[in-house]
Amino acid sequence: MKSFKILALSAVIGTSLVFTTACGSEGSSSGSSTEQTGEDNKQLQGEINIDGSSTVYPIMEAVVEEYGMLQPGVKVSAAGNGTGNGFKALIDGKTVISNASREIKPEEQAELNKKGIKVTEFKLAFDGLSVVVNKENDFVDKLTIDELKKIWIEDGKVKKWSDIRKGWPKEEIKLYSPGTESGTFDYFDEVVLGEQPIVEKATLSEDDNILVQGVKGDKNAIGYFGYAYYLENKDSLKVVPIDNGNGAVEPTNETIESGEYAPLSRPLFTYVANEAVKKEEVYDFIKFTLENAADLSEEVGYVKLPEDEYKKDLEALKSLKK
């Protein structure tokens with residue numbers, strides 16, 4: 001299987017991408033380890049619209065690209081406009097699949113209920129929300145959760161590194177955060193900010209690539225985003241180990257999967273409209289996604305779930321088809 005890291009992360013997040021593949025319609029792509037779907041590999045037709053988390057986007061882009069090689073007649077449009085925007089599109093009936101880097105909120109579920117839209121949650125992978133600083137930063141060796149709060153919570157003052165720890169430079173901190181429609185922002189808001197207001201001068205964007213470039217371009221910058229975006233840029237960014245009271249822990253596949261990288265480890269999801277699953281092409285696409293999420297999530301820099309998790313979700317998917 002070809003690597004999707006550069007393909008997935010170099011795309012402009014937030015614009016819809018449509019994948020149709022004219023070659024390879026007789027079987028899987030050469031050298032691909034992805035599993036084929038369908039009882040007899042029947043060629044399907046149809047359209048599937050997807051939106052949601054920019055963090056999950058690289059996984060879904062890889063899935064869509066591979067699926068197009070097996071089912072070129074199914075046109076899949078995928079976008080990464082943020083978890084919140086993804087759920088809005090699902091509520092409005094513009095999509096049938098919504099990717100999310102957090103669980104659905106009660107108010108979002110209520111809106112779906114009003115529209116009579118029932119959805120099912122499937123887990124795709126684990127992510128470790130990664131805190132990064134500029135490569136030239138030679139003083140930040142780790143941060144505690146309390147220090148993250150000092151950096152990110154608005155207190156009416158200009159934030160300087162010297163305010164965070166004695167001996168650090170008296171330079172203003174430049175902050176880069178996912179936008180408020182991002183599930184990554186929501187997660188950070190819950191576990192770090194405690195739902196207090198984020199620094200007003202912070203640069204917010206649903207496009208993780210803007211955050212990456214912002215931190216790369218300023219020696220006094222700090223930002224956070226999904227683990228895959230850090231891995232793709234690890235040669236030009238410095239990841240910050242996080243101390244949650246049991247010593248500083250750096251995000252790695254092992255610490256994310258074990259939960260040692262707490263509290264910034266989290267699962268990534270996709271939500272599917274139950275009624276849409278009755279369409280053969282939607283069922284087939286989701287089945288393909290779950291069968292190949294382990295391999296493709298690791299291809300783009302995330303951490304696969306235990307095998308039993310995927311098996312459980314596949315059983316749940318089959319029950320929706322009945």
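**A quick tour, starting at Asp295**

Select Asp295 first: you'll find this residue in helix α12 (helices are DSSP runs of H or I with at least four residues, strands are runs of E with at least two, and both are numbered from the N terminus). What you have open is a predicted model, where local features need pLDDT of at least 70, side-chain atom pairs count only at pLDDT 80 or more, and totals for chains, interfaces and linings use all residues. Residues are numbered from 1 along each chain as its sequence is written, and side-chain values use heavy atoms, with hydrogens and water left out.

Asp295 is partly exposed, at 39% relative accessible area (buried is under 20%, exposed over 50%, partly exposed in between, using a 1.4 Å probe and protein chains only).

Now add Glu254, Glu257 and Glu298: with Asp295 they gather in a surface patch of negative charge. Such a patch takes residues with over 30% relative accessible area and no salt bridge, joining like charges within 9 Å; a salt bridge puts a side-chain nitrogen of Lys or Arg within 4 Å of a carboxyl oxygen of Asp or Glu. Colour α10 (253–258) and α12 (280–299) too, as each supplies at least two residues of the patch.

Next stop, helix α7 (residues 183–193): nine of its 11 residues are buried, among them Phe185, Tyr187 and Phe188. Show what the buried residues of α7 pack against, including α3 (83–91), β8 (174–178) and β14 (265–273).

Last, go to Asn233, in the loop between α9 (227–232) and β11 (237–239). Is Asn233 buried or exposed? Asn233 is buried, with a relative accessible area of 12%. Leaving aside residues up to four places away in sequence, Asn233 touches Val212 and Lys216 (contact means heavy atoms within 4.5 Å).

Definitions and conventions: Patch = residues over 30% accessible without salt bridge, like charges linked within 9 Å, V, L, I, M, F, W, Y side chains within 5 Å. Areas by Shrake-Rupley, 256 points an atom, 1.4 Å probe, with all protein chains shown as cover. Lys, Arg positive; Asp, Glu negative; His and termini not counted. Charge placed at Lys NZ, Arg CZ, Asp CG, Glu CD.
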